[in-house]
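Please read this briefing alongside the sequence and the structure shown below. The points are grouped by topic for a reader who is meeting this structure for the first time.

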Amino acid sequence: MQPKRVASSSSKRKAPESTSDDGEALPKTNKKTKTAATRANPQYTNKVLPVNIVFPERTPGTLRLAAWNVCGLAASQKKGFKYYVEAEDPDILVLTETKMNNEPVDPSLKERFPHSYWSISSKKTYSGTAILSKHKPLAVTTTLPGHPDPALVKGRIVTLEFETCFVVGTYTVNAGAQLKTLDEKKEWNVHFETYIRDLDKRKPVIWTGDLNVAPTELDLSNPKANWNKTAGYTEAETTAFNNILEPPPGTPDANKFVDIWRRTHPTDRQYTYFSYRFNCRVKGIGWRLDMFVLSERIADRVKMCEIRSEIYGASDHCPLVMEIAGSL
């Protein structure tokens, strides 16, 4: 169900420009094509968020987790970021591409999420991942064990350990324009798969954030034109992701993971990212890059997983939300 939106004078606030810091390759498009997804799901073109946003009440007995690539937290805050957070009121909020140079001083966020953990890139106004939580974790880490380049990892991962599970937020490496950083992406994928499997041996994992991969042809508007040409939709990237979901032969001790949104929407075309360029949002030309991936043994606890398509304008990404029964 889409949230109700109430117009207000603040909806005319000027929206500053912001772009991805990873040099995201612009997806190849077909200007003559009006996708089925566009016809089925009207494309919202707001450039800031309304003050009043209302979502359905959460399922009783569940925790609500949300993930959002904000494409620069400071920029997003000027375009209505707080109105989404107030309406969603998640127990855990994972933010990616925060572009923060220091941990922000925001009393309202601290009041809502007393436990906040920020991984900040050593490169100024670049990358950045955070997990904001109402629940205190047992432990927090911001490293990717075994990766040979700590500078590349910094700002891209936060892991919280709770009593019954791990929550991992990542702003996964982008393969870049002309796939110039595909080798860096491959190296990240190797070490991350080892890491998430090691965690899964200890307790179930909830992995979320901007994963920078479109796993199947249903997850982007123009798959044929982009295959092996555009970051996020190459054989190397999709294979690495699918190997996490379905362990390849020769790994008998590896457990399966589930892409929750895709499991609950097996044939849908709905996207979380729309380039600011060339009216991609209006044309419905997008990619599904933001996900919740869970250890298979807890996947049945999920009661809802939806893309908040109306929450557009405060970023070039839409948030993704999930409700899961039980405790952390």
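In this predicted model, six strands make up an open sheet with mixed pairing, and their order across the sheet is β7-β8-β9-β10-β12-β11. Strands β7 (139–141) and β11 (257–259) are at the edges, and each has a single partner strand, so one side of each is left without a neighbour in the sheet. From one strand to the next, the twist averages 15°.

**The edge strand β11**

- Strand β11 runs antiparallel to strand β12 (residues 290–295), and three bridges join these two strands.
- Within this pairing, F257 has S295 in β12 as its bridge partner.
- As general background, the strands of a sheet pair through backbone hydrogen bonds, in either a parallel or an antiparallel way.

**Helices α6 and α8**

- Helix α8 (residues 235–245) lies across three strands, namely β10 (205–210), β11 and β12, and runs at about 120° to β11.
- Helix α8 also packs with helix α6 (residues 182–202), at an angle of about 0° and with the two axes 10 Å apart.
- Because angles under 35 degrees count as roughly parallel, α6 is described as roughly parallel to α8.
- On the α6 side, the residues that meet α8 are L182, K185, K186, N189, F192, E193, I196 and R197, while α8 contributes A236, E237, A240, N243 and I244.
- Sorted by class, this contact of α6 with α8 holds six nonpolar, two polar and five charged residues.

**Positions annotated in UniProt**

- An unreviewed UniProt entry places the feature "active site" at Y171, D210 and H317.
- These positions span 147 residues in sequence, yet no two of their C-alpha atoms are more than 12.7 Å apart, so they gather at one spot.
- Of these positions, Y171 is found in strand β9 (residues 166–171), which is one of the six strands of the open sheet.

**Confidence of the prediction**

- The chain averages a pLDDT of 89, and 87% of the residues score at least 70.
- Over residues 1–19 the pLDDT stays under 50, and for this stretch the model has 45 contacts beyond four places in sequence.
- Residues 31–40 also have a pLDDT that stays under 50, and for them the model has 13 contacts beyond four places in sequence.
- Where pLDDT is low, the predicted coordinates should not be read in detail.

Definitions and conventions. Residues are numbered from 1 along each chain as its sequence is written. This is a predicted model: local features need pLDDT of at least 70, side-chain atom pairs count only at pLDDT 80 or more; totals for chains, interfaces and linings use all residues. Side-chain values use heavy atoms; hydrogens and water are left out. Two strands pair if DSSP finds at least two bridges between them. Helices (H or I, at least four residues) and strands (E, at least two) are DSSP runs, numbered from the N terminus. Axes are lines fitted to C-alpha atoms, for helices over the stretch in contact, and angles run from 0 to 180 degrees between N-to-C directions. Contact means heavy atoms within 4.5 Å. Angles under 35 degrees count as roughly parallel, over 145 as roughly antiparallel, 65 to 115 as roughly perpendicular and the rest as oblique. Ala, Val, Leu, Ile, Met, Phe, Trp, Tyr, Cys and Pro count as nonpolar, Asp, Glu, Lys and Arg as charged, and the others, Gly among them, as polar. pLDDT is the predictor's confidence in each residue, from 0 to 100. UniProt positions are given in the numbering used here, feature names are shortened, and annotations may be inferred rather than shown by experiment.
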